[in-house]
Amino acid sequence: MKVVLFCGGYGMRMRSGAADDVPKPMAMVGPRPLIWHVMRYYAHFGHKEFILCLGYGAHHIKDFFLNYEETTSNDFVLRGGRTELLTTDISDWTITFAQTGIESPIGERLRRVRHHLDGDEMFLANYADVLTDAPLPEMIDKFSRRDAGASMMVVPPQSSFHCVELGDDGLVGGITAVSELPLWENGGYFVLRQEVFDHIPENGDLVADGCARLAKAGRLVAHQHRGFWKPTDTVKERAALDAAYTRGDRPWAVWERDTAGVDA
């Protein structure tokens, strides 16, 4: 299936200064940017046709792939001054680079690349800045057997804050960690059918408009995932993932350990 990646936002909380125009998916985790880790996840399961919805800082993403250096993450032999790769990351990937506007909401970005989907009944979509070890084949299989327009992966709340129950007299009746509440939040991994386009208006949003309208019509299903899932909304979160990568703690890198999957 084709994979649509939304990678055109400003990512203000990830920026380190006024001169920093690198889009969030290009923030580094180990030797590669976030977007590479997300794409490598999908490619591991056999989904190697990507449509990148570009916007802010698009030249950084284009330059990365146009000047991609395979030797950074692959073994190779240097013989007679020439490099012979022993393994490869992206040689069998197909990547479409589509400018979808600087200010466009996610839903509008999706609308603008619809023609690149070739009318495929089902396709995948992702924010390009969230890492997980979720079982993608299971997610797709469950959705394919459902009569629905979209599937959204949901995860337990990640907040470290606590909710406080207050009585009318101002006394605290109880304190509960947000992560322990019976709530789920959007995990950013989607399996979609063409039907979703019927519910996204011009300049609309994928979740607030498309998914909300599908939910109201009983056409949205959730895939609950309690395993590894980490967003990178802030510099602190990106730094934590980078540190984890350095010490070898990278559960999202299913291509390194899951011999049951499909790999390049």
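A residue is termed partly exposed when its relative accessible area falls between the buried class, under 20%, and the exposed class, over 50%. In the predicted model described here, D249 belongs to this intermediate class because its relative accessible area is 38%. D249 takes part in a salt bridge with R247, in which the closest N and O atoms are 3.7 Å apart. The partner, R247, has a relative accessibility of 58% and therefore counts as exposed.

The salt bridges of the model number 19. One of them joins D118 to K2, with 3.5 Å between the closest N and O atoms. Since D118 is located in the loop between α3 (106-112) and β8, and K2 in strand β1, this contact ties together parts of the chain that are 116 residues apart in sequence. The two partners fall into separate accessibility classes: D118, at 58% relative accessibility, counts as exposed, whereas K2, at 11%, counts as buried. The D118 and K2 side chains also belong to a wider arrangement, in which salt bridges with shared partners join K2, E49, D118 and D120 into one network.

A further salt bridge is formed by the side chains of R219 and E195, with an N to O distance of 2.8 Å. R219 is situated in the loop between α5 (206-216) and β14 (220-224), and E195 in the loop between β13 (185-193) and α5, so that this pair ties together parts 24 residues apart in sequence.

Aromatic contacts were examined next. The structure holds 14 aromatic pairs. Among them is the pair of F6 and Y127, whose ring centres are 6.3 Å apart and whose planes make an angle of 45 degrees, a tilted geometry. This pair links distant parts of the chain, F6 being in strand β1 (residues 2-7) and Y127 in the loop between β8 (122-126) and β9 (130-132), 121 residues apart. F6 is buried, with a relative accessible area of 4%, while Y127 is partly exposed at 22%.

A second tilted pair consists of F50 and W93, with a centre-to-centre distance of 5.2 Å and 55 degrees between the planes. The assignment as tilted follows because planes under 30 degrees apart would count as stacked and those over 60 as edge-to-face. F50 is placed in strand β4 (residues 49-54) and W93 in the loop between β6 (82-85) and β7 (94-99), so the contact ties together parts separated by 43 residues in sequence. Both rings belong to buried residues: the relative accessibility is 1% for F50 and 9% for W93.

Ring pairs also link Y41, Y42, F45 and Y189 into a cluster. In addition, arginine side chains are positioned over aromatic rings. R193 lies over the face of F143, at a distance of 4.4 Å from the ring centre. Similarly, the charged end of R250 is found over the ring of Y245, 4.1 Å from the centre of that ring.

The backbone was considered with respect to the sign of phi. Most residues other than glycine have a negative phi. D118, which is not a glycine, nevertheless has a positive phi of about 55 degrees. The residue is that of the salt bridge to K2, and its place is the loop between α3 and β8. A128, likewise a residue other than glycine, has a positive phi near 70 degrees. This alanine lies in the loop between β8 and β9, the loop that also contains Y127. With respect to accessibility, D118 counts as exposed at 58%, whereas A128 counts as buried at 0%.

At the surface, V164, L166, V172 and I175 make a nonpolar patch of about 400 Å². Strands β11 (162-166) and β12 (172-177) each supply at least two residues of this patch. L166 is placed in strand β11 and is exposed, with a relative accessible area of 60%. Membership of a patch requires over 30% relative accessible area, and the 60% of L166 satisfies that condition.

Notes. Residues are numbered from 1 along each chain as its sequence is written. This is a predicted model: local features need pLDDT of at least 70, side-chain atom pairs count only at pLDDT 80 or more; totals for chains, interfaces and linings use all residues. Side-chain values use heavy atoms; hydrogens and water are left out. Patches are made of residues with over 30% relative accessible area and no salt bridge: like charges are joined within 9 Å, nonpolar side chains (Val, Leu, Ile, Met, Phe, Trp, Tyr) within 5 Å. Accessible areas come from the Shrake-Rupley method with a 1.4 Å probe; for residues, only the protein chains shown count as cover. A salt bridge is a side-chain nitrogen of Lys or Arg within 4 Å of a carboxyl oxygen of Asp or Glu. Helices (H or I, at least four residues) and strands (E, at least two) are DSSP runs, numbered from the N terminus. Buried means under 20% relative accessible area, exposed over 50%, partly exposed in between (1.4 Å probe, protein chains only). Rings of Phe, Tyr and Trp (its six-membered ring) pair if their centres lie within 6.5 Å; planes under 30 degrees apart count as stacked, over 60 as edge-to-face and the rest as tilted. A charge sits over a ring if NZ of Lys or CZ of Arg is within 6 Å of the ring centre and within 35 degrees of the ring normal.
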